[in-house]
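Biologist: I've got a structure open and a handful of labels I don't quite trust. Could you walk me through what stands behind them?

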Amino acid sequence: MTGDKLLQIEGLTKAYPGVVANDGVGFSVAPGEVHALLGENGAGKSTLVKMIYGLVKPDAGTMRLMGKPYTPAEPRAARASGVAMVFQHFSLFEALNVAENVALGMENPPPMGDLAKRIREISNAYGLPLDPERLVGDLSAGERQRVEIIRCLLQDPKLLIMDEPTSVLTPQEVGILFHTLRKLSSEGTAILYISHKLEEIRSLCDGATILRGGKVVATCTPRDKTARELAEMMVGGEFKATDRAQRTLGHTIFEVKDLDLAPMSQFGPALKKVTLSLRAGEVLGVGGVAGNGQEELLATLSGERVSAPGTVLLHGQDISGLGPNDRRRLGLQGAPEERLGHAAVPAMSLTDNALLTGTVRRPLTNRGFLDMKAARLFAEEIIKNFDVRTPGPHVAARALSGGNLQKFVIGREVLQYPEVLIVNQPTWGVDAAAAASIRQALLDLASKGAAVIVISQDLDELMEIADRFCALNEGRLSAPRDTEGLTLDEIGLMLGGAHGMQEAAL
Amino acid sequence: MTLGGIDIIVLTATLMAASTPVLLAATGELIAEKAGVLNLGVEGMMIMGAMAGFAVAVTTGSPVAGFLAGAVAGALMALLFAILTQVLLSNQTATGLALTLFGLGLSALFGKGYEGVRPPSTGKVPFGPLAEIPVIGPVLFSHDWVVYASLILVAVTWAFLRFTRAGLILRAVGESHDAAHALGYRVIAVRVAALAFGGALAGLGGAYLSLVRVPQWTEGMTAGAGWIALAIVVFASWRAERVLIGAYLFGGITALQLQLQAAGYAIPVHLLSMAPYVITIVVLVILSAIHRRGAQAAPADLGRSFHASA
């Protein structure tokens, strides 16, 4: 059986202080196979692919590539052996152009002129057109991913590792990516595919290995399973869907009119004439590929950035000039995307973090002094109500896993009973069980009469909880559509379609 | 050829020599900053180079040995900075300021015995008949080898950053150390090398001050040239060719104000001595404001510590 396998892994183990990330992991990939790695956050997928790509050295276990022992000391060695990787967080340099970025990922790049020509050839052959002279900072997320893929393809990889490649793509772009991957696989390139999106895995992958707690718990053919069965294998138990109770919509309580905002960073977008209105009890979903103004929208609605007078209205009162605390006092709260460093201070305890946004609407101060006992009780209330898995409120925020900290951050805002809550990527990088409980909390808040804006890249999530959907594209917000009856294709077009891609000829 | 009591040819000729220390230091700092490290210790590295270069040249009688010693002293100072900031992850701003104070103090201590001594003179490059050409001869062909070496260095630095793979890797490390690390490049090694190169050039610039420009050793003789080098890098938008313009502007006004003093103009000396600093900064600020991308041309990871996490 060794003979026809491209990559064979046995007993791979890697321990970090206090946690065994991979424990005796074994699986194999055949040439041309599209193989999925499935698992919750912290199941050990990232560590596993980092070992295959030479970024992390295993403590024990063997890897064989094309029948030969394979022990990459560093990514260069992995690339030389024919293993390439497309990263989850892009490994690109914004201030450099496409050709330079490609050259940096290659061992022996040809001279720049030849390289530019080859980038054009290959990118057109795979239906992913790219201009080698453009600065990466000016490209869309989908185009940036093309740069990463082209960089890998130029080295004729035998095995291509893709870590969550579709989380930043519109549905049309996903379709084109899958065409490219199927073309590659038909040419004999094996693909190791990591994703949380189970339907994608069912349509694309030939085999799957499921990890839980650093161990392989199952292997299967994804086509033969339902998405729900796959999710249950990952979680190792019953999977609870969210309950979308009937809500009654009240008056319009929150309005945004013709809001403009200058870019917040060099390559960031500007918000252009954003207009929306929200009724009590309503959940509005804002979809869009990251980098199209999500951060800007949250910053300007929560008060981190003030806007021109008359652009943001709460209960008809103009709040465009007010800062975050003044807006909290009036009942508008926000939870930004970046958990560590924006929504929470990494080195501070959960109690301190609860104080940071909680003093305005909760009685956590006494004549100007902090009431630490009340703050601790508040933190404990969040931990209890939102099932935050942590030893206690004295623990530093950075010690929590992403999902747990996200539950804490959302819980902190929800338990202040806001009238309007704005959240950005509430379940980004959060595993399925935690994501479901966060969504449920947002729905529960809305059923109590609050208006909720959910900014997310996860379209399934928005379809699941939002009443109306609008798309954010290059800083422009589309007119809202009712989510009932809205198809994925229509959403894709609202998100700007495939950004000028063409499909690869199969 | 004189204008208002000032000899234009002599002025232009001295301009090149006056610019050389700042040009060398700024070119070195450009490389360090392109790799993403902000070393505010340029002044300290320069003065150590000035002191060490002077001492070795006087002791051995060889200016070449002096320049080498200056470069080595600057590089050693930079390596100290590299150990503190790259290995021990100390704050770059504070460490850079400390390096300047440390260099000023240490050079004053070691340089005590060399005050009032004359260094061996650095010979001019013999261009033969070329030096006899009117106007062009004295302006272009009457300098010592360090002046020409500094110009070649700027051209090499420009070409290195623009055309070579090593230069691309250096820029990549300065833009995003996380991405460079993910691709398997050794971020710390690249930065230490860039720092050492920057320190060597700062030391060389310092040695040029004490061996050619002044030429003698006095405490604190760099007189802020290192800070000007830092400012030039920023306002030159991290581009080698603009560093050259900035350095020559500073050197030119330094030479001009000295000549104005000599010609006996009734302008207060303090205003004149201040002029090179003020005018250079003002012009460079205007330049970088015109090129609107100027302020944003900084390497994205400039001044941020890198620590590889698993």
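Modeller: Sure, let's begin with the two domains of chain A: in this predicted model, the C-alpha centres of domain 1 and domain 2 of chain A lie 32 Å apart. The domain assignment puts domain 1 at 7-235 and domain 2 at 252-494.

Biologist: How do you know that domain 1 of chain A touches domain 2 of chain A, and how many residues take part?

Modeller: Two residues are in contact if their C-beta atoms lie within 7 Å. By that test, domain 1 of chain A puts in 18 residues and domain 2 of chain A puts in 18 residues. On the domain 1 side, α5 (141-153), α6 (171-186) and α8 (227-235) of chain A supply at least two residues each. α8(A) gives the most to that side, with three residues. By class, the domain 1 side has seven nonpolar, eight polar and three charged residues.

Biologist: Next label. Why is α13(A) called roughly parallel to α14(A)?

Modeller: Look at the angle: α13 (residues 402-414) and α14 (residues 432-447) of chain A pack at about 5°, with their axes 10 Å apart. Angles under 35 degrees count as roughly parallel, so α13(A) is roughly parallel to α14(A).

Biologist: Which residues of α13(A) and α14(A) meet?

Modeller: From α13(A) you have A:G403, A:Q406, A:K407, A:I410, A:G411 and A:V414, and they meet A:A434, A:S437, A:I438, A:A441 and A:L445 of α14(A). That contact divides into six nonpolar, four polar and one charged.

Biologist: Over to chain B. What makes α1(B) and α9(B) roughly antiparallel?

Modeller: Helix α1 (residues 8-34) and helix α9 (residues 187-213) of chain B pack at an angle of about 170°, and their axes are 7 Å apart. The cut-off for roughly antiparallel is over 145 degrees, so α1(B) gets that label with respect to α9(B). Their contact has 18 nonpolar, seven polar and two charged residues.

Biologist: And why are α10(B) and α11(B) called oblique?

Modeller: α10 (residues 225-235) and α11 (residues 240-262) of chain B cross at roughly 140°, with axes that come within 9 Å. Roughly antiparallel needs over 145 degrees, and roughly perpendicular covers 65 to 115. The angle of roughly 140° fits neither, therefore α10(B) and α11(B) are oblique to each other. The crossing of α10(B) past α11(B) is right-handed.

Biologist: What makes the contact of α10(B) with α11(B), and how does it divide by class?

Modeller: α10(B) brings B:I228, B:I232, B:V233 and B:F235, while α11(B) brings B:V243, B:G246, B:A247 and B:F250. By class, that is seven nonpolar, one polar and no charged residues. Gly counts as polar here.

Biologist: How do you know that chain A touches chain B, and which elements of chain A contribute?

Modeller: With the C-beta cut-off of 7 Å, 17 residues of chain A are in contact with 13 residues of chain B. On the chain A side, α2 (75-80) and α3 (98-104) give two or more residues. α3(A) gives the most, with three residues. The chain A side divides into ten nonpolar, three polar and four charged.

Biologist: Last one: what are the confidence scores for the model and its chains?

Modeller: The model scores ipTM 0.82 and pTM 0.76. Chain B averages a pLDDT of 90, with 97% of the residues scoring at least 70. For chain A the mean is 86, and 95% of the residues reach 70 or more. Over residues 499-506 of chain A, though, the pLDDT is below 50, and that stretch has 20 contacts beyond near neighbours in sequence. Where pLDDT is low, the predicted coordinates should not be read in detail.

Definitions and conventions
Residues are numbered from 1 along each chain as its sequence is written. Chains are lettered from A and ligands numbered from 1 in the order in which they are written. This is a predicted model: local features need pLDDT of at least 70, side-chain atom pairs count only at pLDDT 80 or more; totals for chains, interfaces and linings use all residues. Axes are lines fitted to C-alpha atoms, for helices over the stretch in contact, and angles run from 0 to 180 degrees between N-to-C directions. Helices (H or I, at least four residues) and strands (E, at least two) are DSSP runs, numbered from the N terminus. A crossing is left-handed if the near helix is turned anticlockwise from the far one by less than a right angle, and right-handed if clockwise. pLDDT is the predictor's confidence in each residue, from 0 to 100. Domain bounds come from an automatic or database domain assignment.
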